[in-house]
Amino acid sequence: MATRVLWGSLSLLRVVWCLLPQTGYVHPDEFFQSPEVMAEDILGMEAARPWEFGPSSSCRTVVFPLLTSGSAFWLLRLWEQLGPWPGPVSGYMLLVGPRLLLTALSFALDGTVYHLAPLWGAERWTALALLAGSYVTLVFYTRTFSNTIEGLLFAWLLVLVSPRVAGSPTPKRPASGPWWHSWLLGGVVAAGFFNRPTFLAFALVPLFLWGIGGAPNPGFRSLAREALALLPGAALTAAGFVAVDSWYFSSPSSASALVLTPANFLRYNLDPQNLARHGTHVRLTHLAVNGFLLFGPLHAQALQATWQQLQAGPWAFAQTGFLRALGAQNLLSSPRSYLLLLYFTPLALLSAFSHQEARFLIPLLVPLVLLCSRRTQPVPWKGTLVLFNALGALFFGCLHQGGLVPGLGHLEQVVHAPVLPGINTHYTLLFTHTYMPPRHLLRLPGLGSPVEVVDMAGTEDGILCQALINFAGQPACQAAGGPWLCRLFVVTPGTTRPAMEKCGFPLKNEMLVFPHLTMEDPPALSSLLSGAWRDHLSLHIVELREKADAVTEQPLPTIQP
């Protein structure tokens with residue numbers, strides 16, 4: 001009973017925290033792979049469209065952004081036009097709308113664990129409590145990442161294959177399912193592949209076990225027969241994705257052609273030079289770092305279970321042969337062994353790539369909680385697990401780049417409330433040493449916006465000062481014809497604020513958004529122990545005055561992304 005109450009409380013926390021909302025900014029992809037693009041397409045707002053969604057590159061399918069953020073924005077547009085309180089939607093609604101839809105979809109994970117736990121020998125409510133209490137569920141599965149969709153599809157794939165793999169205690173062939181079961185399974189695999197081609201790394205073991213689980217004498221011939229049964233559903237789903245992507249990325253000025261986004265994705269990511277632009281990591285990063293970063297003690301428990309399994313019988317494959325060993329009721333036919341394969345095989349395959357981010361592993365949460373909630377043993381390290389997830393939720397859900405989204409909410413109010421009625425105002429919003437600001441949260445019109453958003457990224461001090469000199473001259477105001485009121489804002493973390501002070505511009509206003517922690521420019525320990533610790537853990541929104549002395553405007557050097 002206690003675990004049921006715990007799961008219910010954590011589920012309520014998941015929804016309430018989404019609505020508050022969460023202020024942490026995990027990674028730019030949570031905005032720029034879905035809501036930023038759809039806000040421009042559905043609502044006509046100004047947005048910074050990423051290169052992956054350009055007609056010439058088209059590395060990302062548009063189907064899932066349309067189904068998630070696109071659906072949320074379409075409903076918001078109807079609310080704006082037909083709702084009981086008509087009027088423009090707020091930045092809060094633009095932020096929470098897509099997240100709330102993903103939060104609702106995240107409960108499919110709970111349904112998956114509820115259904116699979118008895119099949120895999122796990123204690124149902126313990127597994128549900130582990131799932132709901134994980135900060136991965138609270139933070140990552142409530143955000144618009146393509147990895148979130150990948151995790152949901154992987155969970156549904158496990159639901160489809162588990163009755164044959166885990167629910168057959170005898171080696172005889174289980175009863176064949178309806179014809180549409182294989183079609184649905186093939187459709188899920190194809191959808192996962194179009195969402196992220198890395199989905200095949202997660203699908204490999206479930207499909208393999210499903211194939212040999214349906215054959216009394218497992219072999220390559222039986223595997224080929226089962227694979228052919230997946231083709232109709234996979235082909236129909238792939239055709240649907242190709243049709244939608246080709247329509248979306250087609251240009252009215254050129255002849256339409258088939259767009260294969262997974263092919264473009266693979267072509268880009270298989271080039272080591274392209275991966276190096278996003279960061280390279282040692283091959284053991286997923287195993288030695290990211291697994292602990294996401295799952296903490298649960299990852300350690302999985303490593304311990306693997307070591308025990310290897311000690312129990314490392315020669316099992318050599319004695320019986322690979323395929324027959326997996327198909328027979330021997331050492332590697334236990335649910336525990338299968339769950340270890342489901343967890344570590346995708347991890348090992350993803351480790352073959354040099355670019356390894358922790359969020360790539362979030363689909364592994366479902367098999368991991370099933371593995372760590374065995375009926376025969378209690379969950380170890382409960383206190384450590386609670387502390388780990390509390391700290392993870394605090395860091396990624398509140399602290400990490402945590403001032404940027406609330407800061408955009410403040411700037412949204414500033415730019416939509418002119419200082420003097422009847423006088424046009426031009427705004428320059430310059431972001432430095434922050435993650436990319438999602439412009440759709442400012443609710444700017446797509447054309448003729450009086451707001452200029454400049455992302456300086458982690459630029460050097462000299463380039464920042466030259467940019468401020470150029471923007472302080474306000475050429476946009478001079479070209480537009482007066483009278484215009486021009487306002488210049490700089491958004492920077494407290495740790496890099498001294499660089500702005502060196503430029504010598506007088507301050508007009510300043511606002512601090514707490515908390516904000518940037519790991520690219522972290523605060524020194526001495527500053528955290530000083531009386532100004534709050535300034536260093538805040539995002540500073542500074543309005544500058546024009547310098548009294550005239551300075552010649554100079555072109556800025558190109559800033560590398």
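This report walks through a helix pair, a surface patch and some backbone oddities in a predicted model.

## Two helices that cross

Let's start with a bit of background. When two helices pack, people describe the pair by the angle between the axes and by the distance between them.

Here the pair is α4, covering residues 63-82, and α11, covering residues 220-249. Their axes come within 9 Å and cross at roughly 80°. Angles of 65 to 115 degrees count as roughly perpendicular, so that label fits α4 and α11. On the α4 side, the residues in contact are V63, F64 and L66; they meet F241, V244 and D245 of α11. Sorted by type, the residues of this contact come out as five nonpolar, one charged and no polar.

## A nonpolar patch on the surface

Now look at the outside of the model. W179, W180, W183, L184 and L236 make up a nonpolar patch there, and together they have about 590 Å² of accessible area.

Which helix gives the most to this patch? That's α9, residues 179-195, with four residues. L184 is one of the patch residues, and it sits in α9.

## Backbone oddities

Again, some background helps: most peptide bonds are trans, and most residues other than glycine have a negative phi. A few spots here go the other way.

Take the bond from L20 to P21, which is cis with omega near 5°. You'll find P21 in the loop between α1 (2-19) and α2 (29-32). The bond from F514 to P515 is cis too, with omega near 0°. P515 is in the loop that runs between strand β4 (507-513) and helix α25 (525-528).

Then there's W381: it isn't a glycine, yet its phi is positive, at about 55°. Look for W381 in the loop between α19 (365-371) and α20 (382-399).

Key
Residues are numbered from 1 along each chain as its sequence is written. This is a predicted model: local features need pLDDT of at least 70, side-chain atom pairs count only at pLDDT 80 or more; totals for chains, interfaces and linings use all residues. Side-chain values use heavy atoms; hydrogens and water are left out. Axes are lines fitted to C-alpha atoms, for helices over the stretch in contact, and angles run from 0 to 180 degrees between N-to-C directions. Helices (H or I, at least four residues) and strands (E, at least two) are DSSP runs, numbered from the N terminus. Angles under 35 degrees count as roughly parallel, over 145 as roughly antiparallel, 65 to 115 as roughly perpendicular and the rest as oblique. Contact means heavy atoms within 4.5 Å. Ala, Val, Leu, Ile, Met, Phe, Trp, Tyr, Cys and Pro count as nonpolar, Asp, Glu, Lys and Arg as charged, and the others, Gly among them, as polar. Patches are made of residues with over 30% relative accessible area and no salt bridge: like charges are joined within 9 Å, nonpolar side chains (Val, Leu, Ile, Met, Phe, Trp, Tyr) within 5 Å. Accessible areas come from the Shrake-Rupley method with a 1.4 Å probe; for residues, only the protein chains shown count as cover. A salt bridge is a side-chain nitrogen of Lys or Arg within 4 Å of a carboxyl oxygen of Asp or Glu.
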